[in-house]
Amino acid sequence: MASRTGIDEETGDHKGSMWKLDQKLDQPMDEEAMKLKSMSRNKEISTLMLMQLAFQSLGVVYGDLGTSPLYVFYNTFPHGIAETEDVIGVLSLIIYSLTLVPLIKYVFIVSRANDNGQGGTFALYSLLCRHAKIKNFPNYDRTDEELTTYSHSSFHEQSFAGKTKRWLERRAFRKNALLVLVLVGSCMVIGDGILTPAISVLSAVDGINIDHPKLSEDAVLIIAIALIVGLFSIQHYGTDKVGWLFSPIVFLWFLLIGGIGIHNICVYDSSIYKAFSPVYIYRYFKRGGRDSWASLGGVMLSLTGTEALFADLSHFPVPAIQIAFTVIVFPCLLLAYAGQAAYLMKNSDHVVSAFYYSVPGSLYWPVYVVATAAAIIASQATICATFSLIKQAVALGCFPRVKVVHTSKEFLNRIYIPDVNWILMILCVTVTAGFKDQNQIGNASGAAVVLVMLVTTFLMILIMLLVWRCHWMIVLIFTALSLAVELTYFSALILKVNQGGWVPLVIAAAFFIIMYVWNYGTMKRYEFEMHSKVSVAWILRLGPSLGLVRVPGVGLVYSELASGVPHIFSHLITNLPALHSVVVFVCVKYLPVYTVPEGERFLVKRIGTKNFHIFRCVVRYGYTDLHKKDDDFESKLFDNLFMFVRLESLMDGCSDIDEHGLYEQETESRDENGNESHFNVNPNISSADSILLVDSPLHTNNTVMSSSQTSKQSEVDEIEFLKSCRVAGVVHLMGNTAVKARSGSKFYKKIAIDYIYEFLRKMCRDNSVIFHVPHESLLNVGQVCYV
């Protein structure tokens, strides 16, 4: 029987090369998937291991939340305490805020909305992107949904989730509004990464005035700035060498503040527990009016670090996070705040540095040292969360490409971004030196935290509807409780915009412009490449020589297109007299998944018949994947190319065995839109394994055996040809696309594209650097895109 080969009328690709491995043949590829599954957050963990992870999470996750007692009461009563009962009212607000927001909302609800263990705003967004088409990802292909890490579900058309999905997808404005919401939340997290080191370190160092009252404020400020500069300066070393100290120090810190709280309650006012009655909240607002309402900005600081809790979720399983908070963090924080309140009931004039005043004299210096160390660790947690968020934003096309460095050989999620690190340091030092007052820095930090919480609430509403399929009543209760608390705090912080609350707004506005303009320019550039691409059929009509002299060597043509031929290639073959014997179109793309297993990363296919020697290779990454291990990217690409040729030969060898089965494979290899499909090459499969799976039927037919021998010989010849071309030389061809606004564009578009985007494009890293392309093998092809 004749094999079904030929040129596809729609895509121009060679049909005989569009094979997709059968599920049985794909079984050996599942080693990576099984490895991921064994590492899943849902796996059963021994009790001892869970306790160990819960202990370790203290130093990574809860440092910021744990150091809040250093500055909450002072920021709540910056002008002193008018009546002692106000202290009970504020303590009651703190108790119920800690219960509703960190405990119930984040630890037991939001933490469950992780994307395979990844937390943060972009993780929620990527989770939504897999359940609804709310973002136009470049190079999207239906085969991407077949990844083992691409978890998503389908909806019934008439279900509430299905209606919500259609409502989101119907209007481009709604998709764009959701993207803007995510970017705003992300920018606020970055702002928190700037403000947390400022207020934590300054508040900790400021306590030295208790033992050395003659020390000037400028001296305290210099010490704080020196610690901040030192903190950012050692980021490139990572936390591996000193990370083992973080958890014991923070654990000791919680024991100290809890123990001091018990001491103060027993010594000063044991009746402070009446703050558990919400009646005192009502009395506090009734008595103080507008001033009491404005003081909520200080109470809000008791929740700082809550969003970092979710952003740093990737380091530990959710049960460990929950155990650490409920067993250690929550009780110790309640005791610490209650102890300070009891002390202030008898010493209301000590509200400035209330924490250090409440420490027994013999414990002052040990507590001061531990507090300073805990403040530095808390700052480290928010800085790491910022790095992680920036990395996710880069992968999702919402931030310029920056250098990302691994700081740990064991944990890939521990990264360092030099450019971002120094920007954060400059802004943090500027804020600290500019305000010199932790009260105004506290107002700024509170504004950033509450805005991030509001964004998380709105995203969680969609998660509960589209992902969890919760009943609308449950969603309504969650929304009402969350917004009641967060909008209350937000309304209070509006009153303090002119008292430092404007800082996170300015920082967020600057980063938002960068992220939105970069995303807009990137999408416009991709649209230009899509519209200017050349049909594969046009290339194939030129014949195997493409109308040129094919010289020995391999040309790797990089493009953002997963189908068709990029414009730069047609520009080359119309202006150059010669072309490499082997051409590979390389497309590198990021998907809305946390990682792409190594065995599923490369998709290889053939374009045209074998004598064309033209291939396409699509390389897929998740938003946490890094190119750290891709120093040998070129070698991996060729290994997958050789594997493709071997497996394709096996497919050709069995093409005469079962024509019907072959036809089904061909049919399945195309999606419902008629788009070209991919051949999924797993480097974990050896050729021997592949032969074993298809060898048995070959012995039943001599004709088929002869066909198999012919295919085997063809395979060997082609692989040898590819190897010889590789030895002759590999040239990397990359497009250098400049994006310009059209002459008739509005002025703000010209500013965004011609100045901001162009500046960011020149400042960001080139693809050649990311893929470690040697300069002597690089050929840049320039083109201008008008949008």
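# Burial, packing and cavities in a predicted single-chain model

Cys-266 is exposed, with a relative accessible area of 61%; exposed stands for over 50%, buried for under 20% and partly exposed for the range in between, with a 1.4 Å probe and protein chains only. The model is predicted, so local features need pLDDT of at least 70 and side-chain atom pairs count only at pLDDT 80 or more, while totals for chains, interfaces and linings use all residues. Residues are numbered from 1 along each chain as its sequence is written, and side-chain values use heavy atoms, with hydrogens and water left out.

**Overall architecture**

- The chain holds 31 helices and nine strands; these are DSSP runs numbered from the N terminus, with helices (H or I) of at least four residues and strands (E) of at least two.
- Buried residues make up 56% of the 787 residues of the chain.
- Among contacts (heavy atoms within 4.5 Å) with a separation of 6 or more, 84% join residues 24 or more positions apart.
- About 32600 Å² of the chain is exposed, and carbon and sulfur atoms supply 60% of that area; accessible areas come from the Shrake-Rupley method with a 1.4 Å probe, and for residues only the protein chains shown count as cover.

**Cysteines**

- Zero disulfides are found in a search of the whole structure, a disulfide being a pair of cysteine sulfur atoms within 2.5 Å.
- Cys-725 has a relative accessibility of 3% and therefore counts as buried, whereas Cys-266 is exposed at 61%.

**Helix 7 and its cover**

- Helix 7 spans residues 121-131, and 11 of its 11 residues are buried.
- Polar and charged side chains belong to this buried set, which includes Thr-121, Ser-126, Arg-130 and His-131, and so do Phe-122, Leu-124, Tyr-125 and Cys-129.
- The cover over these buried residues includes helix 8 (160-170), helix 9 (172-206) and helix 16 (306-311).
- Helix 19 (364-395), helix 21 (438-467) and helix 23 (502-532) are also included in that cover.

**Cavities and the surroundings of Ser-445**

- Six cavities of 30 Å³ or more are present; on a 1 Å grid over the protein atoms alone, a cavity is a set of points where a 1.4 Å probe fits but cannot get out, and lining residues have an atom within 4 Å of a point.
- The largest cavity holds about 90 Å³ of space, the volume being the space filled by probe spheres set on grid points joined across faces, edges and corners.
- Its lining comprises 15 residues, of which Met-188, Val-189, Asp-192, Glu-307 and Ala-308 are the closest to the centre of the largest cavity.
- Helix 9, helix 16, helix 19 and helix 21 each give two or more residues to the lining of the largest cavity.
- Ser-445 is located in helix 21 and is buried, with a relative accessible area of 1%.
- Leaving aside neighbours within four places in sequence, Ser-445 is in contact with Asp-192, Leu-195, Leu-301 and Thr-304.

**Helix 25 and Ser-570**

- Ser-570 belongs to helix 25, residues 567-575.
- The relative accessible area of Ser-570 is 9%, so this residue is buried.
- Ile-568, Phe-569, Leu-572 and Ile-573 are among the other buried residues of helix 25.
- These buried residues pack against helix 24 (536-541), strand 3 (549-559), strand 4 (578-590), strand 8 (730-740) and strand 9 (778-786).
- A polar atom of the Ser-570 side chain lies 2.7 Å from the backbone oxygen of His-567.
- Not counting residues up to four places away in sequence, Ser-570 touches Val-534 and Trp-538.

**Helix 20 and Trp-422**

- Trp-422 sits in helix 20, residues 418-435, and its relative accessibility of 35% makes it partly exposed.
- Apart from residues up to four places away in sequence, Trp-422 touches Phe-232, Ser-233 and Tyr-416.
- Ser-233 is 189 residues from Trp-422 along the chain, yet their C-alpha atoms are separated by 8.3 Å.

**Loop residues with positive phi**

- Ser-353 has a phi near 55 degrees, a positive value in a residue other than glycine.
- The loop that holds Ser-353 lies between helix 17 (318-346) and helix 18 (354-357), and Ser-353 is buried at 13% relative accessible area.
- His-613 likewise is a residue other than glycine with a positive phi, near 55 degrees.
- The loop between strand 5 (602-607) and strand 6 (614-621) contains His-613, which counts as buried at 17% relative accessibility.

How values were computed: A polar contact is a pair of N or O atoms within 3.5 Å; within protein, one must be able to donate a hydrogen and the other to accept it, and residues adjacent in sequence count only if both atoms are side-chain atoms. On a 1 Å grid over the protein atoms alone, a cavity is a set of points where a 1.4 Å probe fits but cannot get out, and a pocket is an open set with protein on both sides within 12 Å along at least five of seven lines; lining residues have an atom within 4 Å of a point.
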